[in-house]
Amino acid sequence: MAQILPSIFGANILRLQDEIEFLQSEKTEILHIDLMDGNFVSNIAFGPNQIAALKQASTMIFDVHMMLANPERHIDDVIKTGAEMVSVHYESTPHIHYILQKIKKAGRQAGVVLNPGTPESVLEYLLDDIDYVLLMTINPGQPGQVFIEKSLEKIRNTKKLISSRNIKIEVDGGVNIEIAKKVKDAGADLIVVGGALFNGNAKENYQLLNKAIQ
């Protein structure tokens, strides 16, 4: 069954505590958190110290999406935040296998992130080392982009590649109510939503998003 993963990057930064309390009142299981370095992507957001502080104030599972160059330099600090799920961009390091093993050794779920232009075939020799694949459906780091329709084909192809393995497919970028249904039907298990959730009536938006993926 598919799940909506709220992205805290899309929330009102002046009301983060209220937003977290709202999500917990809605029985949100997993919170998606972007870690951006201003290098691999142009934005800067939520370093390990901020993630650790958020974790102390929340009972949700944290899904940390590492959007930074040389993630091997920071992976220990991210693990120390207490995040249960950690994903790393395939494009960000030549040492992806080493980082995945480190995440798994720490007892966390490990994910690989693929940019829109990266083919799913690069996963072939990593499938035994991951718990989920995060497919970017916009180019990472900048909100407000339009969902890339070609991503639906990529989701279906990734589903075939995974086959019977216990690996989930997560999607992130440009998802609204209509697209949430499309990606779910294509095979996505975890659906990250930011602006389409927090802009306007968040409670109503959340209900509509969850209804779309039933």
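**Notebook: salt bridges, sheet and a pocket**

*Entry 1, Lys182 and its partner.* I began with Lys182, which counts as partly exposed at 32% relative accessibility. The model I am reading is a predicted one, and I keep to computed values throughout. Which residue does Lys182 meet in a salt bridge? I find Glu149 there, with the closest N and O atoms 3.6 Å apart. The pair links distant parts of the chain, since Lys182 sits in helix H6 (residues 177-186) while Glu149 lies in the loop between S7 and H5, 33 residues apart. Glu149 has a relative accessible area of 44%, so I enter this residue as partly exposed too. I also note a network in which salt bridges that share partners join Arg15, Asp18 and Glu19.

*Entry 2, Leu152.* From Lys182 I moved to Leu152, which is found in helix H5 (residues 151-162). Leaving aside residues up to four places away in sequence, Leu152 touches Phe147, Lys182, Val183 and Ala186. Lys182 therefore appears in my notes both as a contact of Leu152 and as the salt-bridge partner of Glu149, the latter being partly exposed at 44%. Is Leu152 buried or exposed? With a relative accessible area of 12%, Leu152 falls under the 20% cut-off and is therefore buried. I also looked up the separation of Leu152 and Val41, and found 111 residues in sequence and 24 Å in space, C-alpha to C-alpha.

*Entry 3, two further salt bridges.* I then listed the salt bridges of the structure and found eleven. One of them joins Glu84 to Lys55, whose closest N and O atoms are 2.9 Å apart. Here too distant parts of the chain are linked, with Glu84 in the loop between helix H3 (75-80) and strand S5 (85-89), and Lys55 in helix H2 (residues 48-56), 29 residues apart. Lys55 counts as buried at 15% relative accessibility, whereas Glu84 is partly exposed, with a relative accessible area of 28%.

A second pair I checked is Arg165 with Asp128, whose side chains meet in a salt bridge at 3.8 Å, N to O. Why do I say that this pair ties together separate parts? Arg165 lies in the loop between H5 and S8, and Asp128 in the loop between strand S6 (109-114) and S7, so the parts that are tied together are 37 residues apart in sequence. Asp128 counts as exposed at 68% relative accessibility, and Arg165 as partly exposed at 38%.

*Entry 4, the sheet.* How many strands form the open sheet, and in what order? I count nine, running S1-S9-S8-S7-S6-S5-S4-S2-S3, and the pairing is mixed. S1 and strand S3 (44-45) stand at the edges with a single partner strand each, so one side of each is left without a neighbour in the sheet.

I then took single pairings in turn. Strand S7 (residues 132-136) and strand S8 (residues 168-172) run parallel and are joined by five bridges; within this pairing, Leu135 has Val171 in S8 as its bridge partner. S5 and S6 also run parallel, again over five bridges, and Val86 has Ala110 as its bridge partner in S6. Looking at how S6 is covered, I find five of its six residues buried.

At the edge, S1 pairs with strand S9 (residues 190-193) in the parallel sense over four bridges, and Ile4 stands opposite Ile191 in S9. I wanted to know whether the faces of S1 are covered or open, and found both covered: Gln3 and Leu5 on one side and Ile4 and Pro6 on the other are all buried.

*Entry 5, the second largest pocket.* S1 turns up again in my last entry, on a pocket. The second largest pocket has a volume of about 150 Å³. Its lining consists of Met1, Ala2, Gln3, Ile4, Lys27, Thr28, Glu29, Ile30, Tyr206, Asn210, Ile213 and Gln214. Which elements give two or more residues to this lining? They are strand S1 (3-6) and helix H8 (202-212). Sorted by class, the lining has six nonpolar, four polar and two charged residues. I close by setting this beside the sheet entry: Gln3 and Ile4, which are among the residues lining the pocket, are also among the buried residues of S1, on opposite faces of that strand.

Terms used: Residues numbered from 1 in each chain as written. Predicted model: local features only at pLDDT ≥ 70, side-chain atom pairs only at ≥ 80, totals over all residues. Heavy atoms only, no water. 1 Å grid on protein atoms, 1.4 Å probe; cavity = no way out; pocket = protein on both sides within 12 Å on 5 of 7 lines; lining within 4 Å. Points joined across faces, edges and corners; volume = space filled by probe spheres on them. Nonpolar A, V, L, I, M, F, W, Y, C, P; charged D, E, K, R; others polar. Buried < 20%, exposed > 50% of the residue type's maximum accessible area, 1.4 Å probe, protein only. Contact = heavy atoms within 4.5 Å. Pairing = 2+ DSSP bridges. Salt bridge = Lys/Arg side-chain N within 4 Å of Asp/Glu carboxyl O.
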